[in-house]
Amino acid sequence: MSARQKITIIGVGLLGGSLALALKKKKNVEVLGWNHRASSRKKASRLLKVKSTLDEAVRNADVVLLCSHSSTILPLLKELMLLVQPHALIMDVSSIKAQIVQSAQTVKGLEKHFVPCHPMAGKEKSGAQFADARLYEGRYIFITPLPQNSPKLVERAISFWKSLGALPVLIDAKIHDQNVALTSHLPHLLASAFVQLYATQEKRSKAISMALGSGFKDFTRIAASNPAMWSDILEMNSAEVLKFLKQYRLQLTRLEKNLKKGKRSFWRSFFEKGRILREKLS
C-alpha cells in the first residue's frame, strides 16, 4: 500500500473494528467506517472516523470491506454498485460463501469489484469494544472468487490480506461451506444446545452451578457469540450443517448403546482415539 488509499469498513463490530485498528497502523491509509444504526456508529467512532451515510463513507473509496451480518451482504452489494468508483475493490468477511457467490453473479458488473472472503478469525464476544489490531495475524483468509473475477482483482484481494499478516487461501465456495459447517457452524450449534440443557438442569438443582469445571466452560465458551450473526449463518448454511448433525447423531447413538453395555475396553479405546486425534490438531 504505497500510494495513499481510502479504505471503508461497513459494519464496525469485532471484525470490522479489528480491521480498522490494523489498518490505522499503516502509512498512507485513510480508514472510514459506517454502521446502519446510529447507536453502532457512536460506538464505532471510538475506533475510527465514522460517516453518517453509506454514500459519504464509500465515496472515492479504493477498498470497501463488508463486515456486517451475512444476510445483509447482497443488499449492500446492490447498493454499492450505484456508489463506488470503477476501480474499487469490495470484499466481505461472511462465514457463508456459496450462497453469496451465487447471488453476487446476478448483479450486473459486480464481478469487476467484488471478491468474496472469509477470515478464520474471531472471538465469542461481539462488538467494536472487543476489537483487536492483531486479530488477523497468522490467520487463514479463505477467498472464493466469482467465476468472472479478473486475476488482477483477485490478486488485489490476496495482497490486501497479506499486508495484514494474514494467510490468504483460494478455495471453492461450496467446499468452503462444507468445511466450516463441521469446524465452526456445528460446534456453535452444539455449544448453545448444551448450555441450554445445563440451564434446564440448573432449575431442578441449583447445586449444579458449583460443579462447573474448566471442561464445561471451554466447551460452551462459543455459546456466548452474537445471536443475530449465528442465526444468519445457520439459516444460510443449514443444508451442510444438517449433513454433519446427522452424522453426529449417529455417533451419539453409538455412544448410547455402549453406555448401556458398560464395556470398559470400548471407552478406553474411544478416549485414546480422541486424545490422539486432538493432539494432532495442536
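Which strands does helix H6 (residues 151–162) lie across, and at about what angle to S9 does it run? Keep that one in mind; the answer comes in point 6. Here are my notes on this predicted model, taken sheet by sheet.

1. Start with the sheet of six strands. It is open, its pairing is parallel, and the order reads S3-S2-S1-S4-S5-S6. At the edges sit strand S3 (49–50) and strand S6 (114–115), each of which pairs on one side only.

2. Next, look at how S1 and S2 go together. Strand S1 (residues 5–10) runs parallel to strand S2 (residues 29–34), and six bridges hold the pairing. If you want specific residues to click on, Ile9 has Gly33 of S2 as its bridge partner, and Ile10 has Trp34, also in S2. S2 itself has five of its six residues buried, so this strand is largely enclosed by the rest of the structure.

3. Strand S4 (63–66) is worth a slow look. On the S1 side, S1 and S4 run parallel and are joined by four bridges; Thr8, for instance, finds its bridge partner in Val64 of S4. S4 is also joined to S5 by four bridges, again with the two strands parallel, and there Leu66 is partnered with Asp92 of S5.

4. While you are at S4, check its two faces. In a regular strand, side chains alternate between the two faces of the sheet. In S4, Val63 and Leu65 are on one side, with Val64 and Leu66 on the other. All of these are buried, and both faces of the strand are covered.

5. Now for a helix on this sheet. Helix H1 (residues 14–24) lies across S1, S2 and S4, and its direction makes an angle of about 160° with S1.

6. Back to the opening question. H6 lies across S7, S8 and S9, running at about 150° to S9. H6 also lies across S1, S4, strand S5 (89–92) and S6, where it runs at about 60° to S5. So when you turn the model, follow this helix from the strands of one sheet to those of the other.

7. The sheet of three strands deserves its own point. This one is open too, with the order S7-S8-S9 and mixed pairing. Strand S7 (117–119) and strand S9 (167–170) are its edge strands, each pairing on one side only. From one strand to the next, the twist averages 25°. Strand S8 (residues 140–143) pairs with S9 in the parallel sense over four bridges, and Tyr140 has Leu167 in S9 as its bridge partner.

8. Last, have a look at the second largest pocket. About 180 Å³ of space lies in it. Helix H5 (98–104) and helix H7 (173–204) each supply at least two residues of the lining, and the largest share, four residues, comes from H5. Ala98, Gln99, Val101 and Gln102 are among the lining residues, as are Thr144, Pro145 and Pro147. Ile171, Asp172, Ala173 and Lys174 line this pocket too.

9. What is that lining made of, counted as nonpolar, polar and charged residues? Six of the residues are nonpolar, three are polar and two are charged.

Key:
Residues numbered from 1 in each chain as written. Predicted model: local features only at pLDDT ≥ 70, side-chain atom pairs only at ≥ 80, totals over all residues. Heavy atoms only, no water. 1 Å grid on protein atoms, 1.4 Å probe; cavity = no way out; pocket = protein on both sides within 12 Å on 5 of 7 lines; lining within 4 Å. Points joined across faces, edges and corners; volume = space filled by probe spheres on them. Nonpolar A, V, L, I, M, F, W, Y, C, P; charged D, E, K, R; others polar. Pairing = 2+ DSSP bridges. Axes fitted to C-alpha atoms, helices over the stretch in contact; angles between N-to-C directions. Contact = heavy atoms within 4.5 Å. Buried < 20%, exposed > 50% of the residue type's maximum accessible area, 1.4 Å probe, protein only.
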